[in-house]
Amino acid sequence: MSRVELIATTTFGLESVVKKEVQNLGYTDIKVENGKVMFTADESAIPRANLWLRSADRVLLKMGEFKALTFEELFEKTKALPWEEWITEDGEFIVTGKSVKSKLFSVSDCQAIVKKAVVEKLKTKYKTEWFKETGPKFTIQVSLLKDIATLTIDTSGEGLHKRGYRVNQVEAPLKETLAAALIQLSYWSQDRILLDPFCGSGTIPIEAAMIGKNIAPGLQRSFASEQWPRVGKQLWKEARVEALKLIKQDVKLNILASDINKEAIEIAKENAFEAGVDDCIKFSVMNATEINIKDRYGVIICNPPYGERLGEENEVNKLYKKLGKTFSKLDTWSIYVLTSNEKFEKLFGRKADKKRKLYNGRIKVDYYQFYGPKPPKNK
C-alpha cells in the first residue's frame with residue numbers, strides 16, 4: 001500500500017488537540033502549522049482519519065506543493081502532478097481556492113488555471129477530449145500562501161462536524177468538532193460526573209458520551225473518498241468494522257445535561273437517541289443558576305449565552321454573576337466556560353487557572369478553565 005500525505009485542517013487554537021488525535025490513531029510522522037496537522041501514512045489512513053478525528057474540520061490529500069510566481073508556472077507545475085492516479089475518467093471535479101500574500105492574488109484565475117491543468121493531464125491519461133463527469137466527486141483546492149501553492153483533494157466531502165446525529169438544533173449551535181475539543185481540553189474522564197447546564201441541542205454531552213463509549217464520530221455518515229476507486233470500498237469496510245469493534249458498549253457514564261429551554265431539551269434527547277448515547281445522559285429542564293448537586297469532583301463544561309446581540313448584555317452580565325455564586329458552592333469541581341465576553345472573570349468573581357483563545361464559528365472566544373482538586377484515587 002503506497003504512502004500518502006494528509007492534512008487535517010483545524011480551527012485556530014485546536015491544532016494540539018488534533019495532533020493528539022492523529023497520534024492516538026498510531027501515526028507518528030506529524031507536522032503542525034497554523035490551522036493544519038500534516039501527517040504521512042498509508043492509504044488506510046484516509047478512512048481511519050475521517051472516521052476518528054473528532055476535532056478536525058476536514059482531511060485533505062496533499063497532491064503537491066511548489067513556488068508559483070506566474071500563471072504559467074502554476075499551470076505547468078499543477079499539470080506535472082499525478083492527478084490521473086486519483087481522479088477517474090468519469091470523475092466530477094471542482095476547484096476551490098484561496099490566496100494570501102501572493103503575487104497570484106486572483107483566486108478565480110488560479111482556480112481556472114488549475115482546472116485547465118488537471119483536465120490536460122487527464123486528457124493525456126484517458127486519451128479523450130471530453131469527460132462526462134458522472135462519477136465520483138473530487139474537490140481540488142489550490143491554496144497560495146506567500147507564493148507557495150499547495151494542491152489538495154478533499155477526502156471528506158461535508159465538513160467533519162457533520163456527524164449525522166443532529167436531527168434538529170437550537171439557534172446558534174456549537175459545532176460538534178469544537179465541543180469534542182472542549183471535552184478533550186478538560187480534566188473530564190469517563191469515571192467522573194459531567195454536567196452541561198446550558199446544553200442546548202445536546203452537543204457537549206453527546207460528544208462526551210461518544211468519547212466515553214469510544215464511538216468513532218464519523219460512523220453514521222458517508223465521505224467523498226468512499227466512492228474513489230483508488231481508496232477502494234475494502235479499506236473503508238475494514239475501517240468501519242474496526243471502529244464498530246472498538247465501541248465500549250458496557251461502559252458506565254454519568255453525564256448530566258440541562259437547559260432552561262424545554263424545547264431545547266426535547267431536541268437534545270432526539271439527537272442523543274440518534275447518536276446512540278441516550279442511555280448515558282440524564283436530561284432535565286433547569287435554570288443553570290439553581291443547580292444544586294451533592295456529588296463531588298465533577299466537571300462542568302458549558303457554552304452559556306455571550307450577550308452578542310443588542311440589549312442582551314445586561315442580562316448576560318447578571319447571569320454570569322449568578323453563575324459565579326452558584327458554581328462557587330461546587331468547590332471540588334473543575335469548571336470550563338466558553339464565552340466571548342471579555343469581562344467574564346470579573347463578573348464570575350474568580351480568575352481562571354488557564355485561558356485559551358479559540359473561535360466559535362467566526363466569533364473570537366476564550367475557554368476559561370478553573371481547576372478543582374484531584375479526586376482521591378478510590379473515587
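**Entry 1: a pair of facing residues**

I began at Ile335, which I found standing opposite Phe370 in strand 14. I note at the outset that this is a predicted model. Ile335 made me look up the strands around it, and I found that strand 12, residues 334–339, runs antiparallel to strand 14, with five bridges joining them.

**Entry 2: strand 14 and its other partner**

Next I asked how much of strand 14 is covered. I found that six of the eight residues in this strand, which spans 363–370, are buried, and I wrote it down as mostly covered. I then followed strand 14 to strand 13, residues 354–360, and noted that the two pair in the antiparallel sense over seven bridges. Within that pairing I picked out Tyr359, which stands opposite Lys364 in strand 14. Strand 13 and strand 14 form a hairpin with two residues between the strands, and there I saw that Gly361 takes a positive phi near 65 degrees.

**Entry 3: the whole sheet**

In what order do the strands of this open sheet lie? I read the order as 10-9-8-11-12-14-13, which makes a sheet of seven strands with mixed pairing. The edges are strand 10, residues 281–285, and strand 13, each of which pairs on one side only. I also noted that neighbouring strands of this sheet are turned by 20 degrees against each other on average, direction ignored.

The mixed pairing sent me to strand 11, residues 299–302, which runs parallel to strand 12 and is joined to it by four bridges. There I recorded Val299, which stands opposite Ser334 in strand 12. I then looked for what lies across this part of the sheet, and found helix 5, residues 176–184, lying across strand 11, strand 12, strand 13 and strand 14, and running at about 170 degrees to strand 13.

**Entry 4: the nonpolar core**

I turned to the largest nonpolar core, which has 121 residues. Among those with the most contacts inside it I listed Phe39, Trp83, Ile140 and Val277. Helix 4, residues 107–126, gives the most to this core, with seven residues. I followed Val277 further and, not counting residues up to four places away in sequence, found that it touches Ile206, Ala209, Met210, Lys213, Ile215 and Ala272.

**Entry 5: Ser143**

I looked up Ser143 next, which lies in strand 6, residues 137–145. Is Ser143 buried or exposed? I put it down as buried, because its relative accessible area is 17% and the cut-off for buried is under 20%. Leaving aside its neighbours within four places in sequence, I found Ser143 in contact with Lys98, Ile148, Ala149 and Thr150.

**Entry 6: two residues with positive phi**

I reminded myself that most residues other than glycine have a negative phi. With that in mind I marked Lys127, a residue other than glycine whose phi is positive, near 50 degrees. Lys127 lies in the loop between helix 4 and strand 6, and I counted it as exposed because its relative accessibility is 70%.

I marked Tyr297 as well, since it has a positive phi of about 60 degrees although it is not a glycine. Tyr297 lies in the loop between strand 10 and strand 11. With a relative accessibility of 14%, Tyr297 counts as buried, whereas Lys127 counts as exposed.

Technical notes: Residues numbered from 1 in each chain as written. Predicted model: local features only at pLDDT ≥ 70, side-chain atom pairs only at ≥ 80, totals over all residues. Heavy atoms only, no water. Buried < 20%, exposed > 50% of the residue type's maximum accessible area, 1.4 Å probe, protein only. Pairing = 2+ DSSP bridges. Axes fitted to C-alpha atoms, helices over the stretch in contact; angles between N-to-C directions. Contact = heavy atoms within 4.5 Å. Core = buried A, V, L, I, M, F, W, Y, C linked by side-chain atoms within 4.5 Å.
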